[in-house]
There are 2 protein chains.
Amino acid sequence: MLRTHNCGALRLEQVGKEVTLSGWVQRTRNLGGMTFVDLRDRYGITQLAFNMDTNVDLCSQARKLGREFVIQVTGKVIERASKNNNIPTGDIEIEVSNLNILNAAKLPPFTIEDETDGGDDLRMQYRYLDIRRNPVRENLMLRHRMSTETRKYLDSQDFVEVETPYLIKSTPEGARDFIVPSRMNEGQFYALPQSPQTFKQLLMVGGMDKYYQIVKCFRDEDLRADRQPEFTQIDCEMAFVEQEDILNTFEGLTRHLLKEIKGLEINDFPRMTYDDAMRLYGSDKPDIRFEMTFVELNEVTQQNNFIIFDNAELVVGICAKDCADFTRKQLDKLIDFVKRPQIGAKGLVYCKYNPDGTFKSSVDKFFSQEDLAQWAMKMSAKPGDLMLIMAGEISKVRKQLNELRLEVAEQLGLRDPKKFAPLWVVDFPLLEWDEETERYHAMHHPFTSPKAEDLDKLDTDPGAVRANAYDLVLNGSEIGGGSIRIHDKELQRLMFQHLGFTEEEAQAQFGFLMNAFEYGAPPHGGIAFGFDRLCSLFGGQESIRDFIAFPKNNSGRDVMIDAPAIIDNAQLDELNIRLK
Amino acid sequence: MLRTHNCGALRLEQVGKEVTLSGWVQRTRNLGGMTFVDLRDRYGITQLAFNMDTNVDLCSQARKLGREFVIQVTGKVIERASKNNNIPTGDIEIEVSNLNILNAAKLPPFTIEDETDGGDDLRMQYRYLDIRRNPVRENLMLRHRMSTETRKYLDSQDFVEVETPYLIKSTPEGARDFIVPSRMNEGQFYALPQSPQTFKQLLMVGGMDKYYQIVKCFRDEDLRADRQPEFTQIDCEMAFVEQEDILNTFEGLTRHLLKEIKGLEINDFPRMTYDDAMRLYGSDKPDIRFEMTFVELNEVTQQNNFIIFDNAELVVGICAKDCADFTRKQLDKLIDFVKRPQIGAKGLVYCKYNPDGTFKSSVDKFFSQEDLAQWAMKMSAKPGDLMLIMAGEISKVRKQLNELRLEVAEQLGLRDPKKFAPLWVVDFPLLEWDEETERYHAMHHPFTSPKAEDLDKLDTDPGAVRANAYDLVLNGSEIGGGSIRIHDKELQRLMFQHLGFTEEEAQAQFGFLMNAFEYGAPPHGGIAFGFDRLCSLFGGQESIRDFIAFPKNNSGRDVMIDAPAIIDNAQLDELNIRLK
């Protein structure tokens with residue numbers, strides 16, 4: 001080793017010892033006769049001391065060290081005159097007797113500090129420098145600890161990690177596949193997996209009983225902010241289980257992670273049906289760190305000739321506690337917020353419940369104080385609260401009010417990244433109507449089982465059939481989703497039929513799975529966690545990008561290595577393809 | 001859960017308890033009034049008992065159960081009349097009171113037994129059934145334990161697992177890449193990584209200090225037996241290290257695995273230079289579980305007008321202990337063996353050192369008893385031994401004699417899969433001459449550093465330059481290989497130049513790495529283990545295929561899911577490519 005200790009290791013106990021350290025020059029300070037260098041590595045920072053009086057050559061050399069130079073020093077550990085209590089090595093410094101420049105460095109394009117002056121684009125281009133910064137490195141190390149603890153828990157529960165293939169078969173169902181031309185099989189293509197779904201089901205047929213894998217998955221979708229073409233899943237499957245068993249097992253995983261990583265004991269994993277989530281939060285991933293649930297107000301708002309309410313399918317509001325003192329400006333900002341094209345509402349009605357018991361609303365022309373008092377009663381509003389009400393078509397207005405609820409909570413500081421509130425959303429619909437293709441799609445995927453008691457509605461009212469499907473929501477983000485699968489060939493055939501597959505299409509794409517179901521498939525189900533998102537939530541951040549070592553930008557490019565790129569025609573020739 | 005216990009859990013202590021089990025019907029035996037069913041899952045086998053006298057209906061139902069039916073039973077644990085000491089649950093059986101068929105099964109296309117009647121093709125097509133067999137399942141579970149113990153060791157040494165991207169950039173150097181068309185970047189392609197080499201080096205530049213990853217890699221090569229287009233590596237890199245540090249760290253890993261997985265304490269990791277390995281074993285991956293090292297015989301064989309020896313660049317032999325009693329037939333088989341086209345030798349000279357002290361050779365016409373005695377002395381042969389000698393051009397004859405050595409050892413039972421003999425091969429050449437392209441290629445890869453003391457030969461005698469490169473060999477298989485990397489931009493530029501890259505090519509393909517080297521790259525090095533091979537060696541088997549859940553065949557096909565496959569023209573259109 002080019003060191004005897006790392007830069008985070010030395011303490012007072014080592015005083016007097018001769019040591020060798022290697023690392024990067026964080027900064028150099030010249031104080032008259034002394035020069036101090038902060039030497040940095042992954043483990044910490046150690047101060048190096050050079051004395052102009054005792055060693056002119058060495059000290060002069062030290063003064064020429066640039067930021068991020070890689071150096072190796074040998075010297076004696078001594079107690080510092082003025083200690084630094086902010087770092088674990090702050091009691092000591094190294095009286096350097098030998099300095100060796102291992103590699104010089106150009107001035108970095110941004111500062112290697114916790115708060116950097118580098119913008120996102122520059123940081124991504126020089127990601128190898130960005131990773132030297134504590135916050136980014138700590139994110140990556142958090143990710144490592146998350147995967148370690150995940151494995152530890154799942155191993156303790158008898159799960160076996162099995163690697164499934166990356167070169168598989170393209171299936172038109174679901175998102176768009178990345179494909180890989182096969183040179184040895186002319187005119188044929190592999191696809192990269194969107195998830196190991198069918199393989200993990202085959203492992204259940206194969207008797208593996210409990211499977212998991214922390215695995216990369218791929219989706220060639222247009223990238224919205226914070227989506228990556230390659231992403232990581234904690235992928236799990238169990239045999240001989242019912243929904244309750246999966247929920248318990250993976251509550252256990254989440255509890256284990258919260259305890260080991262965040263030091264939090266969280267025992268409350270409430271369950272909410274999809275219908276309730278939509279009704280009370282306008283979202284299938286409610287943030288329940290705070291209340292402000294929806295209250296439906298049709299009954300008390302639709303008899304006053306206020307046409308916007310009268311014509312609405314749904315009038316629905318939230319009560320913002322202690323916000324009656326919002327200024328006109330603050331209220332206008334909220335109105336502007338819901339009118340943004342991403343949200344698309346026409347407006348917002350507010351009603352202040354003043355501390356003196358009076359009401360002041362934006363619709364005072366239409367509603368009397370008694371009317372407004374009724375609203376307040378319905379919404380359990382107290383003097384000092386602010387009621388915010390929207391109206392329109394059910395599914396749209398719910399989405400809009402959900403956005404408003406989150407925005408208000410954000411402004412009120414209710415979305416505390418240090419607080420963790422998990423929630424199971426259950427009883428998802430099996431199918432959802434797709435306007436574009438004018439047919440039903442599987443809401444989860446085609447292998448999800450319908451609830452037995454709803455099976456008879458599959459023909460008469462397909463949209464009303466509920467699935468044995470569940471999502472685990474954490475702080476308003478879906479962190480995991482899964483289902484009890486179909487394990488019966490006939491039911492699987494029926495599902496494909498309802499999803500508009502012909503018998504031939506179903507056979508061509510999923511014949512292997514349906515065949516497998518004929519040879520003794522056990523009842524089984526599973527779940528997959530979005531690992532990038534899980535890490536960012538545990539790291540208390542919104543964006544997943546800084547929890548991925550080398551992420552891609554919104555055009556799917558790695559700007560550091562400049563990929564994708566054009567390739568040789570010879571390479572295309574070998575693969576029997578050409579550009580269009 | 002559809003069970004209270006698994007099929008491996010119950011013992012005498014549970015006698016009297018009512019339990020529910022689920023699993024597969026291994027077999028059914030009707031013995032007059034009783035019917036016994038062996039119920040199987042991942043954890044074991046439990047005997048179910050059905051009594052025709054006490055419950056006719058249930059017993060009749062049980063008699064109709066086919067092999068591999070999935071059933072659930074409830075009943076009481078009772079002590080067996082005739083115990084079975086071969087299985088952990090052999091003291092008890094279940095007196096079944098309720099039987100529920102969870103899924104029927106067609107007769108499997110091969111028997112689900114340790115020794116199956118299914119051929120390789122059938123087993124691969126129905127891999128999900130093959131995995132139910134104990135030997136295959138145990139291989140996959142061994143693999144899981146191997147990865148768990150690998151992580152445990154590396155974590156204990158402060159390594160951090162970092163995920164590197166799968167969608168990267170194609171580089172013509174090395175093996176052929178699999179490529180992935182980019183829809184969002186028209187006419188451009190990603191490549192799947194052959195290894196995370198450049199990324200792990202960038203992580204070292206980024207200060208991660210110690211990196212590892214158990215990761216899939218991809219090579220689009222013509223598949224020789226036992227090669228897979230996707231394979232798994234234990235990929236590692238360390239900063240501020242010298243070769244000795246890497247060897248020590250990964251000896252430690254190998255020792256840990258041998259201890260935890262095989263219960264073996266192996267402390268001897270001898271080191272051998274590449275030159276010695278070639279000279280003594282004719283291979284850079286010698287199997288040192290047995291001796292039979294090469295002895296060069298030019299001196300004692302080239303003065304008797306035996307033209308084959310006289311014209312040979314090298315005459316070299318091995319001494320097979322106690323094999324003087326080989327029959328004419330056995331010797332002919334060895335001669336046929338070396339003449340096989342894969343080996344390509346013209347012949348083989350043998351010389352028996354008879355127990356009575358006389359010699360009998362295939363070249364008695366040319367060599368006297370005294371001549372042959374000289375051979376024997378040189379080869380330290382004893383009466384009863386058999387000398388096998390080959391001659392020809394150095395590199396060819398070494399390869400051929402290596403094959404013969406392994407074959408003889410195989411015949412003599414010296415290649416014991418239960419014995420483990422690791423070996424470091426060091427000081428590999430930096431470059432190797434490629435006849436086809438008539439230029440030097442990097443023997444390891446272009447990022448491997450030359451030995452400082454050989455640098456001056458880079459211009460005058462490139463083939464003689466040794467690298468800081470090393471392989472870890474286990475029982476004649478290379479299980480890991482790595483090097484100390486170049487961390488200096490100028491040296492890297494020089495290497496590319498010697499490998500025939502123009503300045504522009506080097507910049508276009510590896511500019512990001514050379515740029516990174518300008519911002520403070522630490523000295524670093526690493527190693528990668530072939531995880532599939534490592535598992536198969538620990539499992540005591542030759543083929544890696546049964547240590548991979550869903551392997552591909554020699555045409556790169558997954559015969560179970562039937563991939564690769566043709567895809568829609570619409571999909572090609574979107575990707576802006578077409579078939580040639």
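**Exercise 1. By what turn and what shift along the axis can chain B be laid on chain A?**

Solution. The model is predicted. Step one: take the turn, which is 180°. Step two: take the shift along the axis, 0.0 Å. Step three: check the fit; the RMSD is 0.2 Å. The two copies are thus related as by a two-fold rotation axis. Step four: turn to the interface. Of the interface residues of chain B, 100% are also interface residues in chain A, so the copies meet through the same surface.

**Exercise 2. Locate A:R3 and its salt-bridge partner B:D209, and classify both by burial.**

Solution. Step one: the closest N and O atoms of A:R3 and B:D209 are 2.8 Å apart. That is within the 4 Å cut-off for a salt bridge. Step two: A:R3 sits in the segment before strand 1 (18–31) of chain A, and B:D209 in the loop between helix 5 (197–205) and strand 9 (210–218) of chain B, so the pair joins two chains. Step three: buried means under 20% relative accessible area. A:R3 has 9% and counts as buried. B:D209 has 2% and is buried.

**Exercise 3. Describe the salt bridges B:D532–B:R143 and B:K83–B:E79.**

Solution. Step one: B:D532 and B:R143 meet at 2.8 Å, N to O. B:D532 belongs to helix 16 (residues 531–538) of chain B and B:R143 to helix 4 (residues 134–156) of chain B; the two are 389 residues apart and link distant parts of the chain. Both are buried. Step two: B:K83 and B:E79 meet at 2.7 Å, N to O. B:K83 is partly exposed at 37%. B:E79 is partly exposed at 47%.

Terms used: Residues numbered from 1 in each chain as written. Chains lettered and ligands numbered in written order. Predicted model: local features only at pLDDT ≥ 70, side-chain atom pairs only at ≥ 80, totals over all residues. Heavy atoms only, no water. Least-squares fit on C-alpha atoms with pLDDT ≥ 70 in both. Contact = heavy atoms within 4.5 Å. Salt bridge = Lys/Arg side-chain N within 4 Å of Asp/Glu carboxyl O. Helix = DSSP H or I, 4+ residues; strand = E, 2+ residues; numbered from the N terminus. Buried < 20%, exposed > 50% of the residue type's maximum accessible area, 1.4 Å probe, protein only.
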